[in-house]
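The following exercises introduce a protein chain through its model. Each task is followed by a solution that proceeds step by step.

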Amino acid sequence: MAHSVRRDCPELPDFFLLKRLARDQLIYLLEQLPGKKDLFIEPDLMSPLDRIANVSTLKQHEVDKLYKVEYKPVLSTSDQLCFLIRPRIQTVKWICDVANADKAAGKCRRYKIIFTPQKFYACEAVLEEQGLIGDVTTDEWSFYLLPLDEDIISLELPEFFRDNFLAGDQRWVRTAGSALHLLHSLYGPFSKVYGIGRCSKMAYESWREQVEEGEQRAQHAEIGKVFLIDRDVDFVTPLCSQVVYEGLVDDIFRIKCGCVEFGPEVTSSDKSMKVMLNSQDKVFNEIRNEHFSNVFGFLSQKARNLQTAYDKRRGMDIKQMKTFVSEELKGLKQEHRLLSMHIGASEAIMKKKTKQDFQELLKTEHSLLEGFEIRESISFIEEHINRQVSMIESLRLLCLLSITENGLLPKDYRSLKAQYLQSYGVDHLLTFANLRQLGLLVEQQPGETLTVMESKVGKLVNDKTAGKLSDAFSSLARKSNFRALSRKLNLVPKSDEEYDLRVPRDMAYIFSGAYVPLSCKLIEQVLERDGWTGLEEVTRLLNGHEFAVTGSNGADSKAKNDAQRIVLVMFLGGCTFSEISALRFLGRERGYKFIVVTTAITSSSRLIEALLDNHV
């Protein structure tokens with residue numbers, strides 16, 4: 001069932017070192033406040049912290065009690081309070097309120113704030129305004145990277161997407177540069193760095209500054225090439241429904257920091273169960289990248305194999321039975337437990353997706369991607385809105401329609417917007433403003449039909465002076481140009497023949513053969529060409545900021561060692577499990593191993609939720 005791997009695929013670096021460094025630094029910072037202390041942790045840091053240092057580790061370093069930051073008066077009686085927080089003004093103001101309330105009550109305590117991954121000037125300014133700069137000590141926990149699996153690393157910064165792409169707040173860019181710098185210092189030097197997108201270029205420049213400021217030391221490279229890509233280069237991929245197993249588990253149960261909580265509908269008991277999903281789970285590892293239609297067949301076969309293994313006990317003598325119990329039984333029981341859990345999860349996914357008319361939904365998405373039956377697709381979206389099937393799903397479909405059609409006709413835009421606001425409330429007017437600002441849901445301007453748009457772009461591409469972005473081209477910055485990109489990169493495979501999902505022939509299998517993810521296709525093309533040469537038309541359609549830089553420190557891009565076939569891909573603004581599956585497939589086909597570094601795992605629902613007007 002698992003796809004075969006090319007024999008010459010290189011081994012991945014060991015990222016356990018990232019965890020150890022983060023844990024050691026946290027312990028050092030806690031010990032800077034000697035004696036017993038209570039630790040207050042911001043809610044979104046609890047899961048990442050649990051992967052780095054569990055409760056027993058914290059207790060060993062004199063953390064007495066753990067509390068969640070809840071923006072209310074504290075109940076702690078400790079003389080020392082330590083706060084582990086993100087650099088957010090709201091949280092710093094709350095800590096100031098706690099300290100000022102203690103002062104008013106005549107309580108004398110010591111306060112320490114540990115900002116992670118870094119502290120910002122604005123937070124220290126709040127302490128200064130409140131007159132607490134001398135009473136509260138501050139520090140930084142440079143926790144940039146959390147390895148979620150052997151080939152997935154996350155910055156665990158879901159706010160990166162909204163802050164950077166919607167609000168234009170570039171404070172996290174240096175964080176991304178610092179994360180890259182850490183990887184470079186531990187696993188570099190890199191032989192080649194490619195990138196596309198404004199944020200990617202800034203992150204690259206931030207990293208280069210840090211490299212130049214630091215000491216240069218020669219070392220054995222474990223990662224050869226790096227590819228940086230902005231999320232807004234490809235919005236279509238995260239807006240499509242995921243149909244690989246890991247993507248569906250994430251959509252329905254929400255995978256958080258590599259863990260998922262399965263409820264009673266999966267566990268077949270009255271209890272929920274928290275499960276780590278990674279390559280250590282042998283059953284999950286074989287089905288995670290598979291199209292969901294193949295999963296039940298694999299699990300059935302696995303169950304039969306397991307029963308055969310159990311049946312071996314019959315007819316064994318005492319010595320053979322003893323060997324069986326000591327060497328095989330434990331592994332079989334573990335496999336049986338995992339198998340039951342994934343069968344339960346698959347059944348729950350099946351029930352949920354059948355209930356939502358999932359096949360009709362996929363058919364509509366595929367029509368939008370291919371550019372066929374657009375009126376029927378609009379009717380489906382209208383029905384979806386009017387039946388109030390799902391507020392997030394309705395918005396997702398509207399965005400997919402807008403991007404694939406390079407904006408909606410004015411009458412369609414007004415009609416669909418009015419129906420949405422009537423169904424889900426007029427308070428979503430600001431959401432529409434957010435989506436318009438990002439170019440996710442826009443109205444075509446008079447004369448800006450798809451044909452006119454493409455001819456204008458074509459003229460620019462053929463213009464010899466088009467190396468400089470002209471005013472005419474800049475005006476198209478928020479247009480997706482999806483159809484033109486789709487044709488040039490062959491993103492929508494011709495549907496003349498049946499697509500065999502059991503034996504995928506390209507990355508389109510992650511969307512049932514209907515669409516090759518643009519982000520992954522760009523990576524494939526650039527690696528194949530060793531740069532952007534020949535892709536000039538594509539980069540202009542994407543309004544690029546593309547770059548390709550050869551590494552320094554004596555790293556030879558032509559070297560034939562294993563590191564040259566290990567490619568680190570950094571998604572700025574989040575990536576989906578579907579994209580990770582596509583890159584794993586590409587790696588198997590081409591003899592590469594991909595390491596995915598992302599600011600956070602995203603999905604269509606997470607992406608839309610980040611843009612809702614009531615987002616905090």
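Two residues are in contact when heavy atoms of theirs lie within 4.5 Å. The structure examined here is a predicted model.

**Exercise 1. The chain as a whole**

Task: State how many helices and strands the chain has, what share of its residues counts as buried, and what share of the contacts with a separation of 6 or more joins residues 24 or more positions apart.

Solution.
Step 1. The chain contains 26 helices and 14 strands.
Step 2. A residue is called buried when its relative accessible area is under 20%. By this criterion, 55% of the 616 residues are buried.
Step 3. Among contacts in the chain with a separation of 6 or more, 78% are between residues 24 or more positions apart.

**Exercise 2. Confidence**

Task: Give the average pLDDT of the chain and describe the stretches 450-477 and 554-559.

Solution.
Step 1. The average pLDDT is 87, and 87% of the residues reach at least 70.
Step 2. Residues 450-477 have a pLDDT below 50, and in the model this stretch makes 32 contacts beyond near neighbours in sequence.
Step 3. Residues 554-559 also have a pLDDT below 50, with nine contacts beyond near neighbours in sequence.
Step 4. Where pLDDT is low, predicted coordinates should not be read in detail.

**Exercise 3. The five-stranded sheet**

Task: Determine the strand order of the open sheet, explain which strands stand at its edges, and describe the helix H4 that packs on the sheet.

Solution.
Step 1. The five strands of this open sheet follow the order S2-S1-S3-S4-S5, and their pairing is parallel.
Step 2. Strand S2 (63-68) and strand S5 (136-140) are the edge strands; each has a single partner strand, so one side of each lacks a neighbour in the sheet.
Step 3. On average, neighbouring strands of the sheet are turned by 20° against each other, direction ignored.
Step 4. Between S4 (residues 110-115) and S5, five bridges make up the parallel pairing. Here Lys 112 is opposite Thr 137 in S5.
Step 5. Helix H4 (residues 89-104) packs on the sheet and touches strand S1 (37-41), strand S3 (80-85) and S4. The direction of H4 makes about 170° with that of S3.

**Exercise 4. Two buried residues**

Task: Locate Gln 242 and Pro 48, and justify calling Gln 242 and Pro 48 buried.

Solution.
Step 1. Gln 242 is found in the loop between helix H9 (236-239) and helix H10 (245-253). The relative accessible area of Gln 242 is 4%, so this residue is buried.
Step 2. Beyond four places in sequence, the residues touched by Gln 242 include Phe 358, Phe 577, Ser 578 and Ser 603. With Ser 578 there is a polar contact between side chains, at 2.8 Å.
Step 3. Pro 48 belongs to helix H2 (residues 43-52). Its relative accessible area is 2%, and therefore Pro 48 is buried.
Step 4. Outside four places in sequence, Pro 48 is in contact with Phe 143, Leu 146, Glu 156 and Cys 257. Pro 48 and Glu 156 are 108 residues apart in sequence, while their C-alpha atoms are 7.6 Å apart in space.

**Exercise 5. Helix H23**

Task: Describe the span of H23, its burial and the residue Asp 530 just after it.

Solution.
Step 1. H23 (residues 518-529) comprises 12 residues and spans 16 Å from first to last C-alpha, close to the 16 Å expected at 1.5 Å a residue.
Step 2. The helix is mostly covered, with 10 of its 12 residues buried. Among them are Leu 518, Lys 521, Glu 524 and Leu 527.
Step 3. Directly after H23, Asp 530 has a positive phi of about 55°.

**Exercise 6. Backbone exceptions**

Task: Identify the geometry of the peptide bonds from Thr 116 to Pro 117 and from Gly 188 to Pro 189, and examine the phi of Gln 388 and Ser 512.

Solution.
Step 1. Most residues other than glycine have a negative phi, and most peptide bonds are trans.
Step 2. The bond from Thr 116 to Pro 117 is cis, with omega near 0°; Pro 117 lies in the loop between S4 and helix H5 (121-129).
Step 3. The bond from Gly 188 to Pro 189 is likewise cis, with omega near 5°. Pro 189 is in the loop between helix H7 (171-187) and strand S8 (192-196).
Step 4. Gln 388 has a positive phi near 55° and lies in the loop between helix H16 (374-386) and helix H17 (391-404).
Step 5. Ser 512, which is not a glycine, has a positive phi of about 60°. Its relative accessibility is 22%, so Ser 512 is partly exposed.

Methods. Residues are numbered from 1 along each chain as its sequence is written. This is a predicted model: local features need pLDDT of at least 70, side-chain atom pairs count only at pLDDT 80 or more; totals for chains, interfaces and linings use all residues. Side-chain values use heavy atoms; hydrogens and water are left out. Two strands pair if DSSP finds at least two bridges between them. Helices (H or I, at least four residues) and strands (E, at least two) are DSSP runs, numbered from the N terminus. Axes are lines fitted to C-alpha atoms, for helices over the stretch in contact, and angles run from 0 to 180 degrees between N-to-C directions. pLDDT is the predictor's confidence in each residue, from 0 to 100. Buried means under 20% relative accessible area, exposed over 50%, partly exposed in between (1.4 Å probe, protein chains only). A polar contact is a pair of N or O atoms within 3.5 Å; within protein, one must be able to donate a hydrogen and the other to accept it, and residues adjacent in sequence count only if both atoms are side-chain atoms. The expected span of a helix is 1.5 Å times one less than its number of residues.
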